[in-house]
Amino acid sequence: MTVKDIPALDRALKREFVAHASPIIELIEAQTHDPFCVLVGTILSARTKDQCTAGAVRRLFATGAAKGEDIAPFTPADLARLTEKQIEKLIFPVGFYHDKARHLKALPAALEEHFPEGFAHAGEGLTRLEQFNALVERLCLLPGVGRKTANLTVAVGFDLPAVCVDVHVHRISNRLGLVKTKTPFETEMALRKIVPVKYWKTWNSHLVSFGQSRCGPIRTNCDDCPVAKLCPSCRQTARDKQR
């Protein structure tokens, strides 16, 4: 696969994406339209399946929700009122829930320090690219936030172009032959050079959905794969079956 094939890849992955349930972070944004909720949900989602994350998000956000609402805008003040033990109980059994509870408890104070203008207003008055660069760097200063979480929050929570690379994006981008990288950070830097900006925001959600439904880390479903003609791994699998 080459860079010129990216538009065709995007069309195929988009069709697959709409045929499956949206990843939990996109659902949080659709239900709350709030960058802080997206940030909290993204922190919780690390190394955790979407179904488990969804339950944790629902329980946590319900502590600040108006009566009768399933998921309502959850604020830093709502989070600050909870103890670390309460947060642990609410988010269990997400992966590394002890660490995540500690990070979430420290999050409101960290936001006041690094985003004194208010998190939802971060980057206002800057160009979109300036916003992206500034937000990613500032988000990485928050407890429990790495580049994957920062990029996903920027892309989904702030609707800005960002290349978010998790294990799915790293694995599939290499399988497709678009990059030859050893780490997610290397993949992010490589993709930013070759993928047109208009595809940045959806690259993660499309590939995560594809990775969860078809192109897994060990088992792959190459039969009738919608991107088989573009994927060297699929072609190799087909050749192996013919031997």
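This note comments on two helices and one loop residue of a predicted model.

1. Helix α10 spans residues 167–175, and seven of its nine residues are buried, so the helix is largely enclosed by the rest of the structure. The buried positions are H168, V169, H170, R171, I172, S173 and R175. Histidine and arginine side chains are thus to be inspected alongside V169 and I172 when this list is read against the structure.

2. The surroundings of α10 are formed by later helices. Its buried residues pack against α11 (184–194), α12 (200–213) and α13 (232–242).

3. Both ends of α10 merit a remark. At its start, a side-chain oxygen of D166 comes to within 3.1 Å of the backbone nitrogen of H168. After the helix comes G177, which has a positive phi, near 85°.

4. Helix α7 covers residues 97–114, 18 in number. From first C-alpha to last it reaches 24 Å, close to the 26 Å expected at 1.5 Å a residue. The helix nevertheless bends by about 45° at L107, and a proline, P108, follows within four residues.

5. L107 and P108 are both among the buried residues of α7, together with K100, A101, L104, A110 and L111. An α-helix has 3.6 residues a turn, so residues three or four places apart point the same way. The buried residues of α7 pack against α3 (35–45), α4 (50–62), α5 (76–80) and α6 (84–91).

6. K229 lies in the loop between α12 and α13. The residue is exposed, with a relative accessible area of 80%. Although 228 residues separate K229 from M1 in sequence, their C-alpha atoms are 8.7 Å apart in space.

Notes:
Residues are numbered from 1 along each chain as its sequence is written. This is a predicted model: local features need pLDDT of at least 70, side-chain atom pairs count only at pLDDT 80 or more; totals for chains, interfaces and linings use all residues. Side-chain values use heavy atoms; hydrogens and water are left out. Buried means under 20% relative accessible area, exposed over 50%, partly exposed in between (1.4 Å probe, protein chains only). Helices (H or I, at least four residues) and strands (E, at least two) are DSSP runs, numbered from the N terminus. Contact means heavy atoms within 4.5 Å. A polar contact is a pair of N or O atoms within 3.5 Å; within protein, one must be able to donate a hydrogen and the other to accept it, and residues adjacent in sequence count only if both atoms are side-chain atoms. The expected span of a helix is 1.5 Å times one less than its number of residues. The bend at a residue is the angle between axes fitted to the seven residues ending there and the seven starting there.
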